[in-house]
Amino acid sequence: MENKHKILVIDDEEVVLDSCREILAGGNYHVATAMDGTVGLKLVQEFLPDIVFVDLKMPGISGFEVLEKICALDPTIVTVVITGYATVSSAVEAMKKGAYDFLPKPFTPEELRLITQRGLEKRKLVLETIALRREKEMLREHFAAIVSHELKAPLSAIQQNLFALVAALSSKLTEGQKSLFERMKSRIDDLLKLIHTWLRVMSADIGKIQENFKSTLVTSAVSKAIESVQLHATHKDIEIITSVEEPSGLVHGDEGTLAEAFVNIIGNAVKYSRVGSQVIVKVEEKEDNVLISVTDTGVGISKEDLPFIFGDFYVGKSGYMVERGSGLGLAITRRIVEAHNGSISVESELGKGSTFVIRLPALKNDSHNQPTLDSEALANSQEGDT
Amino acid sequence: MSQPKKILIIDDDPDFVEGLRSILEAANYGVDAAYNPKDGFQALQAKHYDLLLLDIMMGRGAEGIMVARKLNKDPKLREIPVLIITGIREQIAFLFPGQAVHPHFMPVDELVEKPVEPKFLLDKVSDLLHRAEARKAQAK
């Protein structure tokens, strides 16, 4: 059963209080009244009303102050000001301060009932919005846990049994049969990786990585990234050529996530390159930026596709599908780069290849600013530099 | 030949357990399994085990961590080497913000991700058994 709605009326005129009580008595409401602001505010805390009607002109605490205090106590309480004709402008003022509506004196029973009903409707919506927002946050936060367990667990169990089976049969399997197992293993691996990446987008609050920012060498993140895609490149007979210009890019950031971003970009370059070609990774400092560019001579991206590639779940339609992707790598990369106050851009021509450029604001590497400094000291010296 | 080493697996996913068991038994380990923390704890108290394989996300949350904490408080049980096997490394980091990815719960423990390649699993298991033995020898 739904609780009765609670209405509080604060007015120094007893006639008004009486008539409000009488008018609202027919509805399914609890009505409380107060003769002045002090009593009214006390009732707000004890009675926990849904709507408060406040007379603007009262002895003692002014109606405005009452409004402000109610808002401070619980901003979800709907407030309506009661005011004489002469003070319509102050009613407008009150509404600017957060009052939901105003009720000009004298009012008809119908007007009061209508405003009450609308006010309750508003209160319901406000509370619902808050509940939904909280639910959405909870969902997002728990998504990682739920999805990890529900999706990854069965896949892990399948993979583990597959491992066990292959190990047990290893001496009996033919090369062909082994390759069938390899296929299964690799597809399950892909699926596990996909879930992992997907989770990263859904749940990871990439903005949070900023808390761990410290002075970071871009080149070291780049080498780590190259290391992790090297195997794939070797498989495809693709040479990764690095060119680093000194001084070599110190930025305020997080090495792990930067490496992740570079893995995505360099990995893509390898993925969309033709066998036997080259991928060029360049790190240089230009003006106040560290530029990391990755160039390939692969399949390229069509003009129609270019504007969408940094969006979620985009997978190239460039006709020439070389390898499958999750369509999230670039979106994650963009978020990581943006969390570093940087930007990412791309130039590409279909069939000829692409160049991705990541720009990160450079830290000046002077004697006061060695990489060993903690992030707070860095933030300070950074301010001094600019 | 020496007695086969006894391993207890605590994991709420019986299918996953069978995948581990087959690999371990093929390598001549004796394997028991418990499918929830409570049974697992009882098994540990009732019988001697040389190693524990522990899942983290069980039941309503990170119950594996509770098991590890409880074991660590027991002067006898805390000497058992533990291989923590979890499906979600990032989740561990998330549970312990600001800590390294591998939180050490026990004197001798190690963390690996699900699924585990057989060779990797066997390497970790024998490594942990050696480390525990070295620790025991040192204590004497």
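These exercises, with worked solutions, walk through a predicted model with chains A and B.

**Exercise 1. Chain A overall**

Task: How many helices and strands does chain A have, and what share of its residues is buried?

Solution.
- Step 1. Take the secondary structure: chain A holds 10 helices and 12 strands.
- Step 2. Turn to burial. Chain A has 386 residues, and 41% of them are buried.
- Step 3. Add the contacts. Of those in chain A with a separation of 6 or more, 68% join residues 24 or more positions apart.

**Exercise 2. The five-stranded sheet of chain A**

Task: Find the strand order of the five-stranded open sheet in chain A, and say which strands are at its edges.

Solution.
- Step 1. Read the order: β7-β9-β10-β12-β11 of chain A, with mixed pairing.
- Step 2. Locate the edges. β7 (239-244) and β11 (343-349) of chain A each pair on one side only.
- Step 3. Take the twist, which averages 15° from one strand to the next.
- Step 4. Look at one pair in detail. β11(A) and β12(A), residues 353-361, are antiparallel and share seven bridges. In this pair, A:Val346 is opposite A:Phe356 of β12(A).
- Step 5. Place the helices. α7(A), residues 218-235, lies across β7, β9, β10 and β12 of chain A. Its angle to β7(A) is about 170°. α9(A), residues 329-339, lies across β11 and β12 of chain A, at about 25° to β12(A).

**Exercise 3. A covered strand in chain A**

Task: Is strand β4 of chain A mostly covered or mostly open? Which strand pairs with β4(A) over five bridges?

Solution.
- Step 1. Count the buried residues. β4(A) spans residues 78-84, and six of its seven residues are buried. The strand is mostly covered.
- Step 2. Name the partner. β3(A), residues 51-55, pairs with β4(A) in the parallel sense over five bridges.
- Step 3. Pick out facing residues: A:Val54 is opposite A:Val81 of β4(A).

**Exercise 4. The matching task in chain B**

Task: Describe the burial of strand β5 of chain B and its pairing with β4(B).

Solution.
- Step 1. Burial: β5(B) runs over residues 109-113, and four of its five residues are buried.
- Step 2. Pairing: β4(B), residues 82-86, joins β5(B) in the parallel sense through five bridges.
- Step 3. Register: B:Ile85 sits opposite B:Val112 of β5(B).

**Exercise 5. Two helix crossings**

Task: Classify the crossing of α2 with α3 in chain A, then that of α1 with α5 in chain B.

Solution.
- Step 1. Start in chain A. The axes of α2(A), residues 37-47, and α3(A), residues 63-73, come within 10 Å and cross at roughly 15°. The two helices are therefore roughly parallel, since angles under 35 degrees count as such.
- Step 2. Give the hand: α2(A) passes α3(A) in a right-handed crossing.
- Step 3. List the contact. A:Gly37, A:Leu41, A:Val44 and A:Gln45 of α2(A) meet A:Val66, A:Lys69, A:Ile70 and A:Leu73 of α3(A). By class, that is five nonpolar, two polar and one charged.
- Step 4. Move to chain B. The axes of α1(B), residues 14-26, and α5(B), residues 118-139, come within 10 Å and cross at roughly 65°. This makes α1(B) roughly perpendicular to α5(B), because that class covers 65 to 115 degrees.
- Step 5. Give the hand: this crossing of α1(B) with α5(B) is right-handed.
- Step 6. List the contact. B:Leu20, B:Ile23 and B:Leu24 come from α1(B); B:Pro118, B:Leu121, B:Leu122 and B:Val125 come from α5(B). The classes are seven nonpolar, no polar and no charged residues.

**Exercise 6. Unusual backbone angles**

Task: Where are the cis peptide bonds at A:Pro106 and B:Pro115, and which loops hold the positive phi values of A:Asp237 and A:Glu287?

Solution.
- Step 1. Recall the background: most residues other than glycine have a negative phi, and most peptide bonds are trans.
- Step 2. Check the prolines. A:Lys105 and A:Pro106 are joined by a cis bond with omega of about -5°. A:Pro106 is in the loop between β5 and α5 of chain A. B:Lys114 and B:Pro115 are joined by a cis bond with omega of about -15°. B:Pro115 is in the loop between β5 and α5 of chain B.
- Step 3. Check phi. A:Asp237 has phi near 55° and sits in the loop between α7 and β7 of chain A. A:Glu287 has phi near 50° and sits in the loop between β9 and β10 of chain A.
- Step 4. Check exposure, with a cut-off of over 50%. A:Asp237 is exposed at 52% relative accessible area. A:Glu287 is exposed at 77%.

Notes. Residues numbered from 1 in each chain as written. Chains lettered and ligands numbered in written order. Predicted model: local features only at pLDDT ≥ 70, side-chain atom pairs only at ≥ 80, totals over all residues. Heavy atoms only, no water. Buried < 20%, exposed > 50% of the residue type's maximum accessible area, 1.4 Å probe, protein only. Pairing = 2+ DSSP bridges. Axes fitted to C-alpha atoms, helices over the stretch in contact; angles between N-to-C directions. Parallel < 35°, antiparallel > 145°, perpendicular 65-115°, else oblique. Left-handed = near helix turned anticlockwise from the far one by under 90°. Contact = heavy atoms within 4.5 Å. Nonpolar A, V, L, I, M, F, W, Y, C, P; charged D, E, K, R; others polar.
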